[in-house]
Amino acid sequence: MAIDSNAKPQLAPGCRLGENNNQRVLLMPERALRLNGPSLEIVSRCDGKHTVAQIIADLQKLYSKAEPHKVESDILGYLELLQKERALDFSA
Amino acid sequence: MMPSQSNPLALVCELTHRCPLHCVYCSNPQELAARASELSTEEWVSLFRQAAELGVLQADFTGGEPLARTDIVELVRAARTAGLYVSLITSGLPLDETKLDALIAADLDHFQLSFQGSTESVAEEISDTKMHTQKLRVLDWLKPRRIAVTLNFVLHRRNLHQMDEMLAIAESSSATRIEFANVQYYGWAFANRGMLLPTRAQLDEFLAKVKAAEERLRGKIRVEYVVPDYYAKYPKPCMGGWGRKVMLITPRGDALPCHAAAVIPGMQFESVKEKSLREIWEAGSAFNKFRGESWMQEPCKSCDRRAQDFGGCRCQALLLAGDASATDPVCSLSPKRKTVDAVLAAVSSTSSAETSLSVWKYRPNPS
């Protein structure tokens, strides 16, 4: 399923950030995903206010040493994974 | 030697064994805990704090029927305050909209509603209770409210033909997750196995339908499923490995590595009334009994898959091979696999009409 760059992702009901032994996690029904640097930066911007394009621009700035296209494709891949986990709602 | 272990991730809280349903595959033990023996509100609250300190992330409130506890809203609130993610695993009975709003106001994270089939007649045959209409009503109440909803359909020979109708119920609800959980054969389900175990043809049809649904609903509803492991080539990694991820607390406060562990003779379960969760998790004899690999026999002992499936299920090894340390007999490498094949052969040679003449053993209610 393709991700629309103008859509604003937000965490679906029952999905929220948590912490365990100083490790940030994304809690969801029957699951928890560990969040490291970049994945935490992405998830914390899934607030229904940032568009996908804005999240990409933010992270390209934050990880300015990385190849911008690589940052973009990594973000889209991660959002697709979250979508498959049913952790995101997308609003226009 | 005690193998090193990490912290548990989930605390399964059997808040009570009381339940308005009498399902023929209930996962509760044959010997049910009486109401008078149940842990108090304060004892559960203390457990939630201990669990969070131990590194547990999620508390699954189950039973029996967790809503039978009059302090359920208080318990949800306390577990959330302790820092846990709280799931309520319920039949939707007894529930009304006021109670639902109170649970959501207490910050319940996730509501999991069980279904016995897609029609009242099948649901009544399985649970000996009329409650299918109430479940559909609960789905209507959930729709406008912001909470994660899972529908859990328990599958077996008598309702596998209702897959399309069960999917339709889920798709017209606000569920973001469906579990199609084939019955696993312990306790009450083991006693009713001859009538519940599906045929190979039913299972093949189920797999085709569930895989198609998974594709079709991607991004909308997450579809998960469990097959009856009698039909599997390798055993399931039961509980994610013994004493690796999960702690289960019974209504009277015994800590178990899995809900069926009490069937294994000689197991000593420690009570949370006498020891801390941490002590029980780290040093409890039941938790260490099948932790790691030192207990394993051949073919598990030298098998490449032993770190993947942990030898399968100990309770199933006991039930089918008569030895809780044996390789799970559903494994195609087990010397006892022929026991399972004989059960499957008997299932395929029994017609549905014949199985419907048998008598169910319903799970009663505790005193």
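Colleague: What share of the contacts in chain A with a separation of 6 or more comes from residues 24 or more positions apart?

Modeller: In this predicted model, residues 24 or more positions apart account for 57% of the chain A contacts that have a separation of 6 or more.

Colleague: Why is chain A called as compact as a globular protein of its length?

Modeller: Chain A holds 3 helices and 5 strands, which follow one another from the N terminus as β-β-β-β-α-α-α-β. Its radius of gyration is 13 Å, and the globule rule gives 12 Å for 92 residues; the two values are close, so chain A is as compact as a globular protein of that length. Along the principal axes, the C-alpha atoms of chain A fill a box of roughly 35 × 30 × 20 Å, and buried residues make up 39% of the 92 residues in the chain.

Colleague: Where is Arg86(A) found, and why does this residue count as buried?

Modeller: Arg86(A) belongs to the loop between helix H3 (68–84) and strand E5 (88–91) of chain A. The cut-off for buried is under 20% relative accessible area, and Arg86(A) has a relative accessibility of 13%, so the residue counts as buried. Its phi is near 65°, which is a positive value in a residue other than glycine.

Colleague: What makes Asp128(B) partly exposed?

Modeller: Partly exposed covers what lies between the buried limit of under 20% and the exposed limit of over 50%; the relative accessible area of Asp128(B) is 44%, and therefore the residue is partly exposed. Asp128(B) sits in the loop between helix H4 (120–127) and helix H5 (132–142) of chain B, and its phi, near 55°, is positive although the residue is not glycine.

Colleague: Which strands of chain B are the edge strands, and what makes them so?

Modeller: The sheet in chain B is open, has 9 strands with mixed pairing, and runs in the order E7-E6-E5-E4-E3-E2-E1-E8-E9. Strand E7 (222–226) and strand E9 (255–256) are its edge strands, as each pairs on one side only. Within the sheet, strand E4 (residues 110–115) and strand E5 (residues 148–155) of chain B pair in the parallel sense over 6 bridges, and Leu113(B) has Leu151(B) in E5(B) as its bridge partner.

Colleague: What is omega for the cis peptide bond that joins Gly63(B) and Gly64(B)?

Modeller: For that cis bond omega is about 10°, and Gly64(B) is placed in the loop between strand E2 (58–62) and helix H2 (72–81) of chain B. The peptide bond from Leu93(B) to Pro94(B) is cis as well, with omega near -5°, and Pro94(B) lies in the loop between strand E3 (85–90) and helix H3 (97–105) of chain B.

Note on methods
Residues numbered from 1 in each chain as written. Chains lettered and ligands numbered in written order. Predicted model: local features only at pLDDT ≥ 70, side-chain atom pairs only at ≥ 80, totals over all residues. Heavy atoms only, no water. Helix = DSSP H or I, 4+ residues; strand = E, 2+ residues; numbered from the N terminus. Rg over C-alpha atoms; globule rule 2.2 N^0.38 Å. Buried < 20%, exposed > 50% of the residue type's maximum accessible area, 1.4 Å probe, protein only. Contact = heavy atoms within 4.5 Å. Pairing = 2+ DSSP bridges.
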